[in-house]
Amino acid sequence: MTHSVGIHIKGSASIAGKPLFDALDMTLKAGQWSCLLGPSGIGKTTILYLLADLADHVDFDGEISLDDGKPLLERVSYMAQTDLLMPWLSALDNTLIGQRLRKEPTDHQKAQNLLTQLGLQDHINSYPSAMSGGQRQRVALARTLMEEREIVLLDEPFSALDAGTRADMQALSARWLKGKTVLHVTHDPAEAARLGQQIFLLQEDGLQQIKIPETPVVRAVDDPETLTCQGHLLRLLCGSSA
Amino acid sequence: MMFLIRSLAATSFIILAWQALVTLADLPHFILPSPLRVATTLWEMKSLIASHAMITTIEILLGLLIGTILGVLTAIQLAQSKLTRYIIKPVLVLTQALPVFALAPLFTLWLGYGMESKILVAVLIIYFPVASAFFDGLMQTPKGWLDLAKVMGATPFQRLWRVQIPAALPSFASGLRLAAVYAPIGAVIGEWVGASKGLGYLMLLANGRAKIDLMFAALLVLAVLTLILHYLVGKFCDWLVNKYQP
Ligand SMILES: Nc1ncnc2c1ncn2[C@@H]1O[C@H](COP(=O)(O)OP(=O)(O)OP(=O)(O)O)[C@@H](O)[C@H]1O
Ligand SMILES: [Mg+2]
């Protein structure tokens, strides 16, 4: 496994004069899976944009730094909240798009293997228009997992999946991304309780870090400690939708 | 198939109405020849008409090809750099502000009575719709895809080739459809201004000699050529859009 890197993000952000978060201070530990929860519109996606260097529209006053002091450039892979599949490419070609865009040799074997593991063996040559929302989301996941980047940003990657598939995909992603520094935005407390090696909650009154269960990840869906953590998170999320 | 039947029905109706008009109003054939007369002329003069039609077809196709290639290259160039946009965009708009009709005599003066001047008129007429439609398409690439390409570390050429161009093909197709409408107009205008060959030339010639039936026959052939062109380009555009935006 390649060495992993920790990330520190500190500062405040506003979009078009509208303040978003203030004095944020968040540390993503190297090689750990961090989950970020919070009400809709609070700025979770914006944090991912900042980390992916896609935040031209955001006024960010602060600093993003990595443990090794090197820049973020070309070290991040990012799965956006929408699948962003290209309608003119098959599932396989969508999965290979990163390598093609960089003009690297394409690894068909790996892409096919990934798609198969994601349960898409019958859709390897299908076009996005012929796939369901959940299938499309899994192609987008495959495309993200293809990238060999140290830092992985996931924006609600499992939101369109049924509960069973979701649990499978969580385990599979955790396996593929082991040792990478992951920031996973989710609305699902159960998901965070199951996967998080760090759990953050972003709300109107700022960012807080939640105590995680002692059980190592990926935690069993019915592990009592996980369920307690899930309940705790849900309680904190209740009534925060202002 | 339905389309073919409807077209045939409409055509038959027009021919009948035309014949009725000539018969009922008792129009002299040098004002409006009857369809039968036009058909007879078309048959009798088929090799003459065909040779002129061939010239016009070549002008149209070459004009379409060159105009489209130039339009595509311009659009890509413009989409690549702000600087070129700054410099070339006004030139592009200027070529549109000048009516090409007005330039046609100049082209004939410079390039002579041959095909070149007609092709140039067609090229100029086609160039702008293709360039501007394709350019708009390239500039409207959804931001999410550009973001994805950026995060993935795409080379500029690969981003253009694998994201922007495919995403812009539907816009390109609508520009090309327009170009197919304009191309025959360009070629015929070029011929009217000064030529020794082509359907436009033949029409003027026939008109000048009061051979209205020949003029109608040439017009008819031009119409058929134009329809075939629309049909083929339309099919190609449908294919393009379906392939890239299914
Ligand atoms: N390009 C933009 N221009 C203006 N405002 C924006 C823009 N992008 C986001 N915002 C605003 O910034 C705020 C935070 O958006 P963000 O997408 O980060 O929320 P989020 O926490 O990811 O929400 P969700 O859970 O619904 O995805 C929202 O109020 C949104 O309206
Ligand atoms: Mg979001």
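Here are a few notes on how the two domains of chain A meet and on what surrounds ligand 1.

1. A word on the basics: this is a predicted model, where local features need pLDDT of at least 70, side-chain atom pairs count only at pLDDT 80 or more, and totals for chains, interfaces and linings use all residues. Residues are numbered from 1 along each chain as its sequence is written, chains are lettered from A and ligands numbered from 1 in the order in which they are written, and side-chain values use heavy atoms, with hydrogens and water left out.

2. Chain A splits into domain 1 (1–75 + 149–242) and domain 2 (85–148), with bounds from an automatic or database domain assignment. Taken over C-alpha atoms, their centres are 24 Å apart. Domain 1 of chain A brings 18 residues to the contact and domain 2 of chain A brings 14 (contact means heavy atoms within 4.5 Å).

3. What does the interface look like in area? Domain 1 and domain 2 of chain A bury about 1,300 Å² between them, 66% of it on carbon and sulfur atoms; buried area is the accessible area (1.4 Å probe) that two parts lose on being put together, summed over both.

4. Now ligand 1: 15 residues surround it, the closest being A:Ser40, A:Gly41, A:Lys44, A:Thr45 and A:Thr46 (a residue counts if one of its heavy atoms lies within 4 Å). A polar side-chain atom of A:Lys44 sits 2.7 Å from an oxygen atom of ligand 1. A polar backbone atom of A:Gly41 is 2.8 Å from a ligand 1 oxygen.

Terms used:
A polar contact is a pair of N or O atoms within 3.5 Å; within protein, one must be able to donate a hydrogen and the other to accept it, and residues adjacent in sequence count only if both atoms are side-chain atoms.
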